[in-house]
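Welcome! Here is a short briefing to read with the structure open beside you. Take a moment to look around it before starting on the points below.

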Amino acid sequence: MNTEKIAARRLSLEEVTKLGVKDRLFVSADTAELKIPDCYVSAFLTKSGEDFEGGSITARTVFQEEVSCLPDDENEAGIYVADEKGPVTIEVLQSAGVVLDLALFVPGGDKGALTALYAAARQAFGADVVQIWRQGLKEVPDVKVDIFEEQIPRGRKGGDSPKRDRRAIDTYPTRADFIEFSDGWKPVVEIHRPIVDDTPTI
């Protein structure tokens with residue numbers, strides 16, 4: 001396990017409320033999925049400290065996991081910041097690399113093209129370094145669509161027509177799988193129809 005020892009100090013809840021979303025801090029690396037006791041990970045608050053209600057704080061780690069904790073609870077690991085004169089030294093878990101989760105379009109998509117693609121990646125980053133953890137292949141229909149997000153209607157039927165925002169135009173429908181839609185909104189996919197300008201010209 002790759003860790004780095006960092007001089008740090010623990011923050012009280014009052015100190016955390018003065019932090020913003022760009023302030024780097026350290027929270028416990030111990031999660032439900034991965035038990036790593038007495039180890040910390042770099043993180044940032046999900047919103048400004050003053051915006052949290054009560055004593056619970058939520059931070060998002062560099063590994064995109066959300067961690068909630070009570071800074072003033074002595075039974076919890078707490079929140080730390082780097083401090084050269086800090087009274088304690090904490091072990092911070094380092095990154096082993098990056099897993100790419102891409103929507104990659106390969107024309108034709110035959111096995112030879114995919115093999116060449118993986119071979120090129122290994123050549124660029126080193127043999128046995130690039131590993132395929134998950135591979136989901138999906139045929140892409142030869143059609144382009146407009147993707148909208150539409151507000152989910154609430155209350156009585158027959159009211160105002162739902163609001164709609166355009167998210168992507170002139171794209172393949174599989175892109176909808178990779179768009180994060182807002183809470184209370186749902187995706188709407190329609191065949192792309194180019195806008196024809198009928199304005200007469202001189």
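Start with Ile79: outside its neighbours within four places in sequence, this residue is in contact with Arg9, Arg10, Leu11, Val16, Leu25, Phe26, Val27, Ile57, Cys69 and Pro71. Keep in mind that you are looking at a predicted model. Ile79 also belongs to the largest nonpolar core, which is our first topic.

**The nonpolar cores**

- The largest nonpolar core has 20 residues, and those touching the most other members are Leu25, Val27, Leu45, Ile57 and Ile79.
- Two or more residues of this core come from each of helix H1 (13-16), strand S2 (25-28), strand S3 (40-45), strand S4 (57-61) and strand S5 (66-69).
- Strand S3 gives the largest share of this core, with 3 residues.
- There is also a second, separate core of 7 residues, with Ile6, Tyr40, Tyr80 and Val92 among them.

**Two residues with a positive phi**

- As background, most residues other than glycine have a negative phi.
- Asp38 is not a glycine, yet its phi is positive, at about 60°.
- You can find Asp38 in the loop between S2 and S3.
- Gln64 is not a glycine either, and its phi is positive, at about 65°.
- Look for Gln64 in the loop between S4 and S5.

**Buried or exposed?**

- Why does Asp38 count as exposed? Its relative accessibility is 73%, and the cut-off for exposed is over 50%.
- Gln64 also counts as exposed, because its relative accessibility is 61%.

How values were computed:
Residues are numbered from 1 along each chain as its sequence is written. This is a predicted model: local features need pLDDT of at least 70, side-chain atom pairs count only at pLDDT 80 or more; totals for chains, interfaces and linings use all residues. Side-chain values use heavy atoms; hydrogens and water are left out. A nonpolar core is a set of buried Ala, Val, Leu, Ile, Met, Phe, Trp, Tyr and Cys residues joined through side-chain atoms within 4.5 Å. Buried means under 20% relative accessible area, exposed over 50%, partly exposed in between (1.4 Å probe, protein chains only). Helices (H or I, at least four residues) and strands (E, at least two) are DSSP runs, numbered from the N terminus. Contact means heavy atoms within 4.5 Å.
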